[in-house]
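Please open the model in your viewer and keep the sequence panel beside it. The stops below go from single side chains to the contact between chains and then to enclosed spaces.

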Amino acid sequence: MSVASSGKKGVADAANPSAGWTREDIARRLAQDIPNGSYVNLGIGIPELVAKCVPEGRTLVYHTENGLLGMGPSPAAGQGDPELINAGKRQVTMMPGSAFFDQATSFAMIRGGHLDLSVLGALQVASNGDLANWSTGADDAIPAVGGAMDLVAGVKHVFVMTTHTTKDGEPKLVGRCTYPLTGRGVVDRVYSDLAVIDITERGFELVELAPGVSFELVQERTGAPILRTE
Amino acid sequence: MIDKRVASPAEAVADIFDGATVMIGGFGEAGSPIELIHALIDQGAKDLTVVSNNTGTGLVGLAALLRAERVSKVICSFPRTAGSTVFPDLYRAGKVQLELVPQGTLAERIRAGGAGIAAFFTPTGVGTPLAEGKELRVFNGREHVLEHGLRADFTLIKGRVADTHGNVMFHRTARNFAPMMATASEVTIVQAAEVVDAGTLDAEAIVTQGIFVDRVVHVGQPQLESALNEAGASYP
């Protein structure tokens with residue numbers, strides 16, 4: 001995954017190529033829902049885009065689980081410190097009011113419910129809120145989990161930011177995850193290139209459609225029923 | 001008079017024995033005690049169990065220790081790193097065992113080990129493959145999994161500055177696992193870029209207290225994985 005800027009729309013509708021949200025659009029839409037002053041952990045990769053899309057006038061405090069609260073953007077070329085990095089092992093900066101801490105403290109922030117929001121990518125999200133985002137379970141894969149299971153177990157709210165389907169067109173929002181789980185019943189809301197969808201006790205529930213996208217299209221590309229309350 | 005200084009990385013790691021469990025600080029290259037790891041490669045101990053968050057990059061540091069086939073088991077949270085093939089190749093060849101642990105559970109297991117706590121319950125990992133076969137118990141209506149404290153024979157960590165009593169301060173995100181690991185070992189070895197007399201450091205700002213540290217070795221210009229990899233280095 002890369003956070004490199006891409007203006008390309010998802011292929012939401014072959015007949016209407018401008019339909020749907022770009023990655024930046026998804027990040028911008030998600031960022032609207034984060035209250036001022038929130039303590040936020042952004043997952044490695046696409047979720048990092050959210051930091052660039054926070055509405056003017058709001059200040060969020062970014063936590064990176066390797067031990068920094070108050071993370072700032074990438075340093076200017078040549079200004080970085082190899083030992084001032086984020087969880088993706090990229091060099092970052094620190095904002096005024098930052099603090100460093102060890103791993104036990106960092107995960108006390110996560111597991112103790114002190115962080116307000118975790119934004120993560122997904123391989124699959126099930127209609128009961130189960131999340132799979134760390135392994136496809138393939139035999140030759142090297143399993144690696146990092147802090148994902150801690151984040152979904154401990155952070156107050158978990159948002160998923162993802163394409164609605166895989167590159168092969170398979171739904172990522174499903175009735176039941178087939179990949180190994182990261183956590184059970186942990187996702188609150190999904191922001192995709194097609195829609196914003198809540199996970200409720202009744203399953204997937206539509207919050208908002210991306211511009212030019214029909215409910216029927218979203219339902220067709222989702223592996224479980226979506227409720228629509230209007 | 002207390003003076004925990006030793007003359008060299010080689011002297012600091014001389015008694016690490018075959019079959020030892022060794023905790024190694026670092027998150028990526030931040031905090032990785034490269035000089036101590038290289039001294040351990042030179043020293044030759046094998047069949048080691050290594051507890052560390054990652055498995056190194058390139059052909060230096062932790063990756064070099066693995067490549068030298070001195071490690072029979074790794075306990076870590078994220079053994080995959082872009083551009084790193086040493087661990088994946090050994091793992092696929094069946095030459096190294098992996099115990100995969102969620103990062104927060106790894107930190108807490110080490111913290112518990114150092115604090116005399118045998119085991120604890122956490123919701124992290126419940127319902128996932130990493131909780132399979134482990135005891136579950138419901139607290140406050142929520143399932144938790146039993147995880148055991150972790151201890152080691154030796155810990156290798158990197159500090160920015162240490163004093164002769166073994167008090168240590170770290171550099172930014174290089175701190176990561178080091179303070180917990182220092183508490184959880186029989187012998188904790190610190191390499192520090194600066195070593196000062198006891199009484200020099202601000203006692204309010206000390207991160208790891210000397211009681212947890214056994215040996216301090218001065219490494220004035222510590223190497224970094226990224227710089228070594230850019231130069232195409234491999235060790236030995």
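Begin by selecting A:Asp25, which counts as buried because its relative accessibility is 17%, under the 20% cut-off used for that word. Keep in mind throughout that this is a predicted model. Now add A:Arg28 to the selection: A:Arg28 is partly exposed, with a relative accessible area of 41%. The two side chains form a salt bridge in which the closest N and O atoms are 3.1 Å apart. Both residues belong to helix 1 of chain A, which covers residues 23-32, and they sit 3 residues apart, about one turn of the helix.

Stay in helix 1 of chain A and move to A:Arg29, whose side chain meets that of A:Glu208 in a salt bridge of 2.8 Å, N to O. This pair links distant parts of the chain, since A:Glu208 lies in strand 12 (residues 203-209) of chain A and A:Arg29 in helix 1 of chain A, 179 residues apart. Which of the two partners is buried, and which is partly exposed? A:Arg29 counts as buried at 10% relative accessibility, whereas A:Glu208 is partly exposed at 28%.

Next, go to chain B and select B:Glu69 together with B:Lys95, whose side chains meet in a salt bridge of 3.4 Å, N to O. B:Glu69 lies in the loop between helix 3 (61-67) and strand 4 (71-76) of chain B, and B:Lys95 in the loop between helix 4 (86-92) and strand 5 (97-100) of chain B, so the pair ties together parts that are 26 residues apart in sequence. Both ends are partly exposed, B:Glu69 with a relative accessible area of 47% and B:Lys95 with one of 49%.

Return to chain A and select A:Arg29, A:Asp33, A:Arg189, A:Asp198 and A:Glu208 as a group, for salt bridges that share partners join these residues into one network. Over all chains, a search of the whole structure finds 20 salt bridges.

Now show both chains and turn to where they meet. Here 47 residues of chain B are in contact with 37 residues of chain A, and the area buried between the two chains is about 3,400 Å², of which carbon and sulfur atoms give 62%. To see a part of this surface, select B:Phe27, B:Arg172 and B:Thr173, which supply 19% of the area that chain B buries against chain A, more than any other three residues. How many salt bridges are counted between chain B and chain A? The count is 3; for a cross-chain pair to inspect, select A:Arg184 and B:Glu143, whose side chains meet at 2.5 Å, N to O.

The last stops are enclosed spaces: the structure holds 2 cavities of 30 Å³ or more. The largest cavity contains about 60 Å³ of space, and its lining includes B:Phe27, B:Ser32, B:Asn54, B:Leu62 and B:Glu225. By class, that lining divides into 2 nonpolar, 7 polar and 1 charged residues. B:Phe27 therefore deserves a second look, because this residue both lines the largest cavity and is one of the three named for the area buried against chain A.

Finish in chain A by selecting A:Arg23, A:Ile26, A:Ile46, A:Met161, A:Thr162 and A:Thr163, which line the second largest cavity. About 40 Å³ of space lies inside, and the lining has 3 nonpolar, 2 polar and 1 charged residues.

Technical notes
Residues numbered from 1 in each chain as written. Chains lettered and ligands numbered in written order. Predicted model: local features only at pLDDT ≥ 70, side-chain atom pairs only at ≥ 80, totals over all residues. Heavy atoms only, no water. 1 Å grid on protein atoms, 1.4 Å probe; cavity = no way out; pocket = protein on both sides within 12 Å on 5 of 7 lines; lining within 4 Å. Points joined across faces, edges and corners; volume = space filled by probe spheres on them. Nonpolar A, V, L, I, M, F, W, Y, C, P; charged D, E, K, R; others polar. Salt bridge = Lys/Arg side-chain N within 4 Å of Asp/Glu carboxyl O. Helix = DSSP H or I, 4+ residues; strand = E, 2+ residues; numbered from the N terminus. Buried < 20%, exposed > 50% of the residue type's maximum accessible area, 1.4 Å probe, protein only. Contact = heavy atoms within 4.5 Å. Buried area = accessible area lost by both parts, 1.4 Å probe.
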